[in-house]
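Reader: I am a first-year student, and I should be grateful for a close look at a single part of this structure. Please explain each term as it arises.

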Amino acid sequence: MSTKELTCIGCPMGCQLTVDFDDKNNMVKSVTGNNCKIGERYAQKELTNPTRIVTSSIKVDGGDLAMVSVKTESDIPKGKIFEIMKEIHETKAIAPIKIGDVMIENVAGTNVNIVATRNIKNIAAKGIKTA
Amino acid sequence: MKYDIVIIGGGPAGLAAAVSSKENKTDNILIIERSDSLGGILNQCIHNGFGLHTFKEELTGPEYAARYIQQVQELKIPYLLNTMVIDVKFHSITYINKTEGMVTIEAKAIILAMGCRERPRGALNIPGYRPSGIFPAGTAQRLMNIEGHKVGKKVVILGSGDIGLIMARRLTLEGAKVEVVAELMPFSGGLKRNIVQCLDDFNIPLKLSHTVIDIEGKDRVTGIVLAKVGPDRRPIAGTEVHYECDTLLLSVGLLPENELSRKADVEISPITNGPVVDDELQTSTEGIFACGNVLHVHDLVDYVSEEAALAGKEASEYVKRGEIKRNTIKINAENGVRYTVPQRVDPKSMSDLLTVRFRVANVYTGRYICVYFDNTLIKKTKKKVLAPGEMEKVILKKEELAKYPTITSITIKTEEE
């Protein structure tokens with residue numbers, strides 16, 4: 001058993017939750033400090049399977065912009081964030097790019113793709129040669 | 001050239017206003033945008049959380065902008081890029097760009113959608129030299145996300161508004177170390193979710209009631225001094241703490257950009273720093289409407305789109321009917337309600353429902369939001385929590401107002417139990 005402190009993000013109230021957590025069975029035993037049910041659900045999810053959407057941007061070759069913004073197509077385990085960022089930093093994209101284009105497949109073994117969130121035009125089309 | 005509606009600004013407000021104008025059967029529209037692309041500030045807001053109200057899904061900023069840009073293109077609404085409006089008058093706009101030079105056009109209606117800019121260091125009176133490494137948070141955001149520059153390695157952020165919080169996470173993901181986020185007020189101006197997901201997730205400390213009292217370094221920032229402030233927001237001697245850093249980000253407020261509005265003699269509210277508008281979002285200058293962050297600073301783009309759609313609709317109506325005499329009454333903001341938008345309403349010619357948005361002055365728990373028609377209490381809604389960072393609204397009904405034909409003003413205020 002352990003005690004954890006969390007801030008609920010279910011609404012602007014931002015209740016300070018104190019959670020008794022059963023580490024052995026990966027289960028929430030009890031939640032105090034919450035004003036409604038949302039706090040309990042939030043504590044359960046946040047302590048057993050916290051996930052996040054990661055957004056960043058990737059360098060582009062031959063585009064009308066230097067960077068293309070990207071995101072994980074769905075939420076990924078919170079613990080994978082920095083592994084994902086490492087792959088993002090090692091990636092280079094080539095224009096043209098359309099929103100939704102896959103930039104990295106199965107990033108950091110999460111079964112989730114990194115996709116583009118902005119359209120990038122190819123400036124090479126106007127006669128500018130890319131490396 | 002003569003247009004029915006000219007929209008100044010091609011960000012979220014301008015785009016939604018243009019789409020709405022077209023959908024309300026005004027064809028002769030022009031959007032004027034000063035930068036090289038449509039979408040405004042959304043293009044640099046690469047994080048997600050946009051569009052939950054408008055599209056019922058969570059989008060990133062560029063995706064949200066792209067949805068509106070696509071509509072503008074599909075509706076064949078003309079727009080000018082790299083074009084700066086330099087003057088606005090009653091039914092006339094003067095703009096300047098590289099290909100046409102200086103041009104004056106006519107417009108039956110004008111929609112102001114110029115957005116806002118960041119409060120700079122110069123407005124804060126922090127002592128110290130002027131080394132490089134001090135950035136408004138949104139400028140750092142643009143440099144990193146769009147231009148691909150690194151802004152710093154060891155960072156202190158002053159101000160806990162949403163941009164400051166988002167940048168704390170962004171810098172951390174890019175390998176920088178964010179030492180601390182300091183906030184002058186005893187509460188954060190940002191959304192709770194951002195405090196948890198941008199600071200707590202990465203163990204970045206948030207120091208409330210703290211401010212930067214010195215910036216060190218001559219060529220580049222080498223450090224800052226943080227001090228605790230008292231209830232009067234003045235630094236307390238003996239509480240100084242030194243932080244070594246190469247970068248200071250400022251997330252200390254946004255200022256609506258109303259230089260053009262002032263040229264058109266539009267009355268500006270000293271509280272919102274935006275135009276005073278009626279229920280049609282029409283300013284004090286006939287035929288000039290306003291929406292988005294130029295009107296008042298929003299926290300959700302979804303509300304900007306909604307407001308801008310109203311401005312587009314009302315501007316279209318105005319183009320069709322011309323000016324009519326409207327008898328507006330004042331909407332007062334009192335006792336913890338800092339302001340309302342709109343500030344005036346005509347009970348006779350208003351729409352059936354009117355959304356009045358407002359912000360509160362402080363963090364309140366268990367207060368009521370009350371609506372009075374003159375001295376009669378009409379509506380009382382209990383709120384668990386009210387915070388300055390979260391915009392609130394009440395909805396006024398035309399049929400309810402019709403029951404009070406002699407009404408002289410409406411008042412919105414908070415009340416304790």
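Author: The account below begins with one chain as a whole and then turns to a single helix within that chain.

This is a predicted model, in which local features need pLDDT of at least 70, side-chain atom pairs count only at pLDDT 80 or more, and totals for chains, interfaces and linings use all residues. Residues are numbered from 1 along each chain as its sequence is written, while chains are lettered from A and ligands numbered from 1 in the order in which they are written.

Chain A holds 2 helices and 10 strands; helices (H or I, at least four residues) and strands (E, at least two) are DSSP runs, numbered from the N terminus. Read from the N terminus on, the order of elements in chain A is β-β-β-α-β-β-β-β-α-β-β-β. The chain is divided into domain 1 (2–49) and domain 2 (55–126), with bounds that come from an automatic or database domain assignment. Taken over C-alpha atoms, the centres of these two domains of chain A are separated by 33 Å. Along the principal axes, the C-alpha atoms of chain A fill a box of roughly 65 × 30 × 15 Å. The radius of gyration of chain A is 20 Å, whereas a compact globule of 131 residues would have one near 14 Å; this radius is taken over C-alpha atoms, and the globule rule is 2.2 Å times the number of residues to the power 0.38.

The part chosen for a close look is helix 1 of chain A, which has 12 residues, 37–48. Its expected span, 1.5 Å times one less than its number of residues, is 16 Å, and its end C-alpha atoms are 17 Å apart, which agrees.

In this helix, Gly39(A), Tyr42(A), Ala43(A), Glu46(A) and Leu47(A) are buried. A residue is buried if 20 or more other C-beta atoms lie within 10 Å of its own, exposed if 12 or fewer, and partly exposed in between, with C-beta atoms placed from the backbone. Seen down the axis of helix 1 of chain A, the buried residues fall within an arc of 110° (the arc of the directions from the helix axis to the C-beta atoms), so they line one face of the helix. These buried residues pack against strand 1 (2–7), strand 2 (16–22) and strand 3 (27–32) of chain A. On the other side of the helix, Lys37(A), Lys45(A) and Thr48(A) are exposed. For chain A as a whole, buried residues make up 34% of the 131 residues.

Methods:
Contact = placed C-beta atoms within 7 Å.
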